[in-house]
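Got your viewer ready? Let's take a short walk through some charged pairs, one selection at a time.

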Amino acid sequence: MKEYVTICEVGPRDGLQMAKSIMTTEAKCAWIAGLAAAGLREIEVGSFVPARLIPQMADTDAVVRFTRTIPGLTVVALAPNLRGAQAAVAAGAHRVSVPVSVSEGHSRANLNRSPDEQVTVVSVIVEWMRDNAPGTELEVACSTAFGCSIDGVVAEHDVVRIAAALAEAGVSQIGLADTVGYANPAQIKSVVRAVRAEIGPALVGLHLHDTMGLGLANALAGLEAGIRDFDSALAGLGGCPFAPGASGNIVTEDLVFMLESMGFSTGVDLGGLMAARALLHEGLPHEAMHGQLAKAGIPRTFQQAI
Ligand code: ZN
């Protein structure tokens with residue numbers, strides 16, 4: 001048995017929020033169905049934020065309701081506050097993902113709250129979900145955990161402090177996000193080890209961006225530090241409207257290629273991802289698509305880990 005690595009596809013959420021044109025609900029659902037058909041078992045399909053802030057996410061309710069009918073798929077929806085979490089649960093999301101920025105500047109720009117105030121929001125969501133949605137998972141992503149384009153350096157002890165406060169509030173799935181893509185591999189290992197020393201197995205995954213071209217190197221560093229759960233986006237879409245300078249997520253196709261070539265099983269089929277790229281292009285014909293694998297083609301030497 002090969003060791004398994006879980007990939008959560010975040011293109012329909014992180015990827016689309018910066019897209020220049022609006023993808024129709026129909027095209028979005030067809031694309032997500034294509035991603036699931038390629039073997040992705042976790043997909044973040046949208047976010048419950050006001051449509052005036054991120055018009056791309058206005059149809060998240062409908063998208064969640066459709067995608068939860070796809071067999072075997074864990075439907076993840078982002079919610080910045082209690083009202084968003086309630087909407088995600090009402091629509092039938094299997095997992096609610098709540099962001100907590102480690103840096104003050106990004107927290108204020110993205111959520112209009114300090115990091116500590118957002119931790120308090122999370123503890124309210126934890127209690128509400130405990131009583132009202134015991135079957136729904138809650139995950140918190142610590143944004144700007146490796147640097148911030150507004151505040152600059154983010155201290156490791158601040159990441160540890162926020163992660164500890166979240167664990168204390170009862171969150172059992174905590175991820176670290178390089179929201180702006182400033183991390184380097186040594187830093188990834190150092191922060192992962194420091195956070196794990198504080199909260200143990202509650203640290204589940206990494207969310208990486210490829211701003212500086214270090215995305216896969218950072219994923220490898222995370223892998224070596226024991227992380228087995230990564231977010232990525234098909235065609236490397238992505239960015240954050242409240243984090244100037246951030247560019248796309250690590251590319252799902254390239255990540256799958258790296259992991260499978262190394263002997264890790266992802267359950268994801270590269271040919272299926274290429275078909276999903278075509279669906280994405282159909283739905284958003286003017287959006288730039290990234291990725292080395294799509295450019296080079298699947299090498300004849302490639303073997304899927306089984
Ligand atoms: Zn992101």
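Start by selecting Glu139: this residue is buried, with a relative accessible area of 15% (buried means under 20% relative accessible area, exposed over 50%, partly exposed in between, using a 1.4 Å probe and protein chains only). Before going on, note that this is a predicted model, where local features need pLDDT of at least 70, side-chain atom pairs count only at pLDDT 80 or more, and totals for chains, interfaces and linings use all residues. Residues are numbered from 1 along each chain as its sequence is written, and side-chain values use heavy atoms, with hydrogens and water left out.

Now add Arg95, buried too at 6% relative accessible area. The two side chains meet in a salt bridge, 3.8 Å from N to O (that is, a side-chain nitrogen of Lys or Arg within 4 Å of a carboxyl oxygen of Asp or Glu). Glu139 sits in strand S5 (residues 137-143) and Arg95 in strand S4 (residues 95-101), so the pair ties together parts 44 residues apart in sequence. Helices (H or I, at least four residues) and strands (E, at least two) are DSSP runs, numbered from the N terminus.

Widen the selection to Glu42 and Glu137: with Arg95 and Glu139, they are linked in a network of salt bridges.

Next stop, Arg161 and Asp116, whose side chains form a salt bridge at 3.1 Å, N to O. Arg161 is in helix H7 (residues 156-168) and Asp116 in helix H6 (residues 115-132), 45 residues apart. Arg161 is partly exposed at 43%, and Asp116 is partly exposed at 42%.

Want to keep exploring? The structure holds 13 salt bridges.
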